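Dear colleague,

Please find below the structure that I am handing over to you. I would be grateful if you could read the notes alongside the coordinates.

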Amino acid sequence: SNTASAPSAGSLDEATAAYLNRADVRVALHVDEAPVGTWPGPKEGWTYASDYAACNGAAADGAVSMIDFYRGLAPQLERTIVFNGDTDPCVSYEGTREAVRRVGFPELAGHEYRPWFFNATATSVRVLREKPVLFGPSLVVWEEGPQMGGSVVDYAHGLSFVTVHGSGHMVPQIRPRAGLHLLGKLISGKPFAPPLPLDKELAAMSDGAFDAMVDKWTDAAKGAALHYHMINKLAIGAMADVTTSPPTAISPQGDQTADELARLGRRWGWVGDAL
């Protein structure tokens, strides 16, 4: 039996529950007609069975694993992003990286492991004052420009493995700006970072040519991060709205409406997975 206990008063869990139970948020997440009417969790006595061979010691011999699942799913989709915080103490990114490799799709030439950047936009004093302490601990009131978001490797069939630097298990909570950038890449289909030169091209470069290439590549990768500047400034406020009552979302300007939040939610339904 698996049940969820009521969150503690004044905790981030309580604020999150209040947010997720809002009527406009339920509509934005397309769960307004779901059989379970409240969050967190179903009522006591509800049970489920785990059939996949994924963190399941009781799985039957020959049970489908998440590796099998992604091997069949990714070719049917335009893009599949498997992401992992690189400081996650629960699901190590090294294990996820190896699992994605074992899916067996060829690594795309020039798309080997390389850094990606996000634009670290400013957060308003109001949001910093009202947000829970555990949400966005790196948010600050000044612009920080392009910052390293993590690493990315791309495979055939639109499959990518992405790490989020400095994040634990809950990427949207711990690194909301990087998490929003990741989601924007999923929806837009744009690459996280430019491709690297091929090995034979690198081998032919002089030291000076290599240094110049690295500088040019880094400038291009950082420039891609600036593409999401305005979308980040708008959505960080919406993501931070877990404490406000009555239910109006917080924007950096403090004027985001619940209708706008619903529109954002319909556009950016959160998608992600860790193996």
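The notes below go from the overall composition to the sheet, the helices, the surface and the salt bridges.

Please bear in mind throughout that this is a predicted model.

**Overall composition**

The protein contains 11 helices and four strands. Of its 275 residues, 38% count as buried. The accessible surface comes to about 14800 Å², and 57% of that area belongs to carbon and sulfur atoms. Among contacts between residues at least 6 apart in sequence, 70% join residues at least 24 apart.

**The sheet**

The four strands form an open sheet in the order β1-β4-β3-β2, and the pairing is mixed. Its edge strands are β1 (80-85) and β2 (114-120), each of which pairs on one side only. From one strand to the next, the twist averages 30 degrees. As a general point, strands of a sheet pair through backbone hydrogen bonds, in either the parallel or the antiparallel sense.

Both senses involve β4. With β1, strand β4 pairs in the parallel sense over six bridges; one of the residue pairs is N84 with its bridge partner T163 in β4. With β3 (residues 145-154), strand β4 (residues 159-164) runs antiparallel, and three bridges join the two. On this side, V153 has F161 as its bridge partner in β4, and D154 has S160. The hairpin of β3 and β4 has four residues between the strands, and H157 takes a positive phi near 65 degrees there.

How much of β4 is buried? Six of its six residues are, so the strand is mostly covered by the cut-off of under 20% relative accessible area. In a regular strand, the side chains alternate between the two faces of the sheet. Both faces of β4 are covered: L159, F161 and T163 are buried on one side, and S160, V162 and V164 are buried on the other.

**Helices across the sheet**

Two helices deserve mention here. Helix α4 (residues 93-102) lies across β1 and β4, and runs at about 170 degrees to β4. Helix α7 (residues 176-188) lies across β1, β2 and β4, and its angle to β2 is about 110 degrees.

**A loop residue and a surface patch**

F135 is placed in the loop between α5 and β3. Is this residue buried or exposed? F135 counts as buried, because its relative accessibility is 7%. F135 and I174 are 39 residues apart in sequence, yet their C-alpha atoms are 5.9 Å apart in space.

On the surface, V125, V141 and W142 make a nonpolar patch of about 310 Å². V125 belongs to helix α5 (residues 125-130), and this valine counts as exposed because its relative accessibility is 53%.

**Salt bridges**

The structure holds eight salt bridges, and three of the pairs are described here.

The pair R114 and D154 has its closest N and O atoms 2.7 Å apart. R114 lies in strand β2 and D154 in strand β3, so this salt bridge ties together parts that are 40 residues apart in sequence. Are these two residues buried or exposed? R114 counts as buried because its relative accessibility is 1%, and D154 is likewise buried, with a relative accessible area of 8%. D154 thus appears twice in these notes: in the salt bridge with R114 and as the bridge partner of S160 in β4.

A second pair joins the side chains of E94 and R97, at 2.5 Å from N to O. Both residues lie in helix α4, three residues apart, which is about one turn of the helix. E94 counts as partly exposed at 37% relative accessibility, and R97 is partly exposed with a relative accessible area of 27%.

The third pair is E130 and R126, whose side chains meet at 3.4 Å from N to O. These residues both lie in helix α5, four residues apart, again about one turn of the helix. E130 is partly exposed, with a relative accessible area of 27%, and R126 counts as partly exposed at 26% relative accessibility. In addition, salt bridges that share partners join E98, R101 and R102 into one network.

With kind regards

Conventions. Residues are numbered from 1 along each chain as its sequence is written. This is a predicted model: local features need pLDDT of at least 70, side-chain atom pairs count only at pLDDT 80 or more; totals for chains, interfaces and linings use all residues. Side-chain values use heavy atoms; hydrogens and water are left out. Two strands pair if DSSP finds at least two bridges between them. Axes are lines fitted to C-alpha atoms, for helices over the stretch in contact, and angles run from 0 to 180 degrees between N-to-C directions. Contact means heavy atoms within 4.5 Å. Patches are made of residues with over 30% relative accessible area and no salt bridge: like charges are joined within 9 Å, nonpolar side chains (Val, Leu, Ile, Met, Phe, Trp, Tyr) within 5 Å. Accessible areas come from the Shrake-Rupley method with a 1.4 Å probe; for residues, only the protein chains shown count as cover. A salt bridge is a side-chain nitrogen of Lys or Arg within 4 Å of a carboxyl oxygen of Asp or Glu. Buried means under 20% relative accessible area, exposed over 50%, partly exposed in between (1.4 Å probe, protein chains only).
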